[in-house]
Amino acid sequence: MAERSTLKLWLMRAFFVSLCAALMFWRLLPLNTLPDGLAGPDLMVALAFAWVLRRPEYAPPLLVALIFLVADLLFQRPPGLWAALVVMGCEALKTRAPGLRDMGFLPEWLSAAATMTAIWLLFRIVLGLLFVPQAPLGLSLMQLAFTILVYPVIVLISSALFGVRKIRPGDAESLGVRI
Amino acid sequence: MARDRAQGNEYKGPLRRLLLGILIVCLLGVFLLWRVDSPRVERFRAQVVDRVVPNFDWAMAPVTGTINIARDFQSYQRIYQQNQELRRELQQMKAWKEAALQLEQENARLLDLNNVRLDPRLTYVTGVVMADSGSPFRQSVIVNIGLRDGIVDGWAAMDGLGLVGRISGVGENTSRVILLTDTSSRIPVTIQPSGQRALIVGDNTSAPPIDFLEDKAQVRPGDRVITSGDGGIFPAGLLAGQVALDPGGRFRLRLAADYERLEFLRVLREYGRPGIDTPGSLIAPPEGTPAPAQSGSRPATVTGEATNG
């Protein structure tokens with residue numbers, strides 16, 4: 001029993017990595033080389049937050065940090081800062097997760113949105129303090145808004161298709177694992 | 001009960017918190033290192049891109065191809081309009097073709113008169129666009145040529161017609177081209193026919209503004225914009241596009257390169273120009289020769305420097 005759940009844990013971690021890889025792949029496709037004043041949602045952040053709130057063991061901090069560091073390097077962001085902020089955001093959500101567990105979706109969405117706003121603002125503030133040239137404010141805000149809006153969709157897909165749901169008292173399966 | 005135990009182990013372990021702190025400090029350390037010593041980290045980034053992106057390539061080409069086919073299929077719905085437009089354009093093109101033929105003959109004659117030797121070192125390497133920047137805030141593409149092909153940072157990239165961008169970040173097999181539309185792109189240009197110098201300042205729009213113009217009255221929409229070669233950044237005379245006037249009264253550059261379909265890019269090889277280090281010898285006459293008479297006749301020593309006027 002324990003071995004099976006260990007196997008499942010590692011499978012889900014691998015699945016998380018491959019989902020993020022697929023998202024990076026999609027964004028790197030050379031489809032649109034013309035700048036169009038639109039910034040789509042940062043799906044990877046929404047995915048990480050949704051999974052961390054449901055099954056933190058599927059998205060451990062080290063994994064999140066590595067994935068976002070690679071994303072930073074590939075997407076020409078200042079390397080490390082965004083990854084650190086996402087890891088901090090995940091941890092902040094994790095500490096709030098027990099309180100949110102029984103409250104339904106709306107409070108969870110609000111706290112995820114608050115965390116996203118916080119890391120977006122911190123990102124801009126740190127870059128501003130260190131005089132790093134940054135993206136236009138409008139585009140950043142648009143990306144933040146789209147990410148908050150897309151969060152319920154990511155949650156729905158994660159729980160309905162990938163089976164990443166909150167632990168209920170009846171789920172004995174996931175409790176045997178401690179890594 | 002079970003939940004409490006999970007929480008207790010998961011969130012209150014001091015060791016775990018310590019490790020988490022170390023992780024975050026490491027990430028911020030990478031960021032600070034990048035801020036302090038950017039070129040080294042950027043070189044590392046180029047190596048990471050070089051390692052990662054070619055792995056995606058087997059899937060990227062077919063997916064991009066499929067999506068482009070789907071887009072082309074959508075455009076068949078407008079085929080009648082397109083046909084009309086194409087006919088109209090063909091008419092205009094015929095007129096231009098006549099003009100071009102005449103100009104070509106004239107140019108050939110003038111070149112012959114001048115006995116101009118075009119720079120034989122201005123050759124190019126052509127690469128295929130593999131990926132874009134993946135971010136709405138940065139405008140760049142990754143091409144599949146790199147150190148292996150002798151690419152050097154700073155070379156110009158063009159499509160068949162116009163300037164596209166500048167090499168910045170070279171890996172073994174890939175290199176990144178910062179497009180003219182990127183916010184960090186600054187290219188010195190000359191506006192023809194008035195000869196005004198200006199800078200093309202990328203601002204994340206599809207028509208970058210033309211800045212630092214000396215005299216705006218001499219520039220008109222439709223004027224050609226070519227690189228000036230100032231600062232040794234690019235070879236002079238590469239076509240960048242045409243001047244356009246935006247509703248706010250600001251001059252912008254309508255790019256000559258087809259940014260909607262960047263597929264193949266030529267990277268021009270340029271090995272720099274010889275610098276001029278000794279200011280005196282150019283101005284002063286060589287010692288021992290008498291100063292030229294004040295009659296106004298030019299010395300005959302400048303005939304070797306024919307320009308391609």
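## Two chains, one predicted model

Colleague: Let's start with a single residue in this predicted model. B:Phe264 is found in which strand of chain B?

Modeller: Happy to begin there, and remember that the model is predicted. The strand to look for covers residues 264-268 of chain B. B:Phe264 therefore counts as part of a DSSP run of the strand kind, and the name of the strand is β12.

Colleague: Which residues does B:Phe264 touch, not counting residues up to four places away in sequence?

Modeller: Sequence distance alone can mislead: B:Phe264 and B:Arg252 are 12 residues apart in sequence, yet their C-alpha atoms are 25 Å apart in space. For touching, we look for heavy atoms within 4.5 Å. With residues up to four places away left out, B:Phe264 touches B:Thr126, B:Gly127, B:Val128, B:Met158 and B:Asp159.

Colleague: Now the meeting of the chains. What area is buried between chain B and chain A?

Modeller: The size of an interface is often given as the accessible area lost when the parts come together. Here 56 residues of chain B are in contact with 51 residues of chain A. Carbon and sulfur atoms give 68% of the buried area, and the total between chain B and chain A is about 4,800 Å².

Colleague: Which side chains meet in a salt bridge between chain B and chain A?

Modeller: The count between these two chains is one salt bridge. Its N to O distance is 3.8 Å, and the cut-off for a salt bridge is 4 Å. The side chains that meet are those of A:Glu91 and B:Arg16.

Colleague: Which element gives the most to the side of chain B that touches chain A?

Modeller: Besides the salt bridge, the interface of chain B and chain A has 10 residue pairs in polar contact. The elements that give two or more residues to chain B's side are α1, α2, α3, β1, β2 and β5 of chain B. By class, that side divides into 32 nonpolar, 13 polar and 11 charged residues. The most, 15 residues, comes from α3(B).

Colleague: Which residues of chain A is B:Ile67 in contact with?

Modeller: B:Ile67 has its place in helix α3 of chain B. Its C-alpha is 32 Å from that of B:Asp153, which is 86 residues away in sequence. Leaving aside neighbours within four places in sequence, B:Ile67 is in contact with A:Trp26, A:Leu29 and A:Leu31.

Colleague: Let's turn to empty space. Which residues line the largest cavity?

Modeller: The structure holds one cavity of 30 Å³ or more, and about 50 Å³ of space lies in the largest cavity. The lining divides into three nonpolar, no polar and three charged residues. The names are A:Leu53, A:Ala97, A:Leu100, A:Arg101, A:Glu108 and A:Lys166.

Colleague: How many residues does α3(B) give to the lining of the second largest pocket?

Modeller: About 1,200 Å³ of space lies in this pocket. Of the 49 residues that line it, the closest to its centre are A:Gln76, B:Glu42, B:Arg45, B:Arg138 and B:Ser184. By class, the lining has 22 nonpolar, 14 polar and 13 charged residues. The largest share comes from α3(B), and its number is seven.

Colleague: B:Arg197 and B:Asp230 meet in a salt bridge. How many residues apart in sequence are the parts that the pair ties together?

Modeller: Over all chains, the structure holds 14 salt bridges. In this one, the side chains of B:Arg197 and B:Asp230 meet at 2.9 Å, N to O. B:Arg197 lies in strand β7 and B:Asp230 in the loop between β9 and β10 of chain B, so the parts that the pair ties together are apart in sequence by 33 residues.

Colleague: What is phi of B:Asn204 near, and what is omega near in the peptide bond from B:Gln192 to B:Pro193?

Modeller: Most residues other than glycine have a negative phi, and most peptide bonds are trans. B:Asn204, in the loop between β7 and β8 of chain B, has a positive phi. B:Pro193 sits in the loop between β6 and β7 of chain B, and the bond from B:Gln192 is cis. Phi of B:Asn204 is near 65 degrees, and omega of the bond to B:Pro193 is near 10 degrees.

Notes: Residues numbered from 1 in each chain as written. Chains lettered and ligands numbered in written order. Predicted model: local features only at pLDDT ≥ 70, side-chain atom pairs only at ≥ 80, totals over all residues. Heavy atoms only, no water. Helix = DSSP H or I, 4+ residues; strand = E, 2+ residues; numbered from the N terminus. 1 Å grid on protein atoms, 1.4 Å probe; cavity = no way out; pocket = protein on both sides within 12 Å on 5 of 7 lines; lining within 4 Å. Points joined across faces, edges and corners; volume = space filled by probe spheres on them. Nonpolar A, V, L, I, M, F, W, Y, C, P; charged D, E, K, R; others polar. Buried area = accessible area lost by both parts, 1.4 Å probe. Polar contact = N/O pair within 3.5 Å; in protein donor to acceptor, adjacent residues only side chain to side chain.
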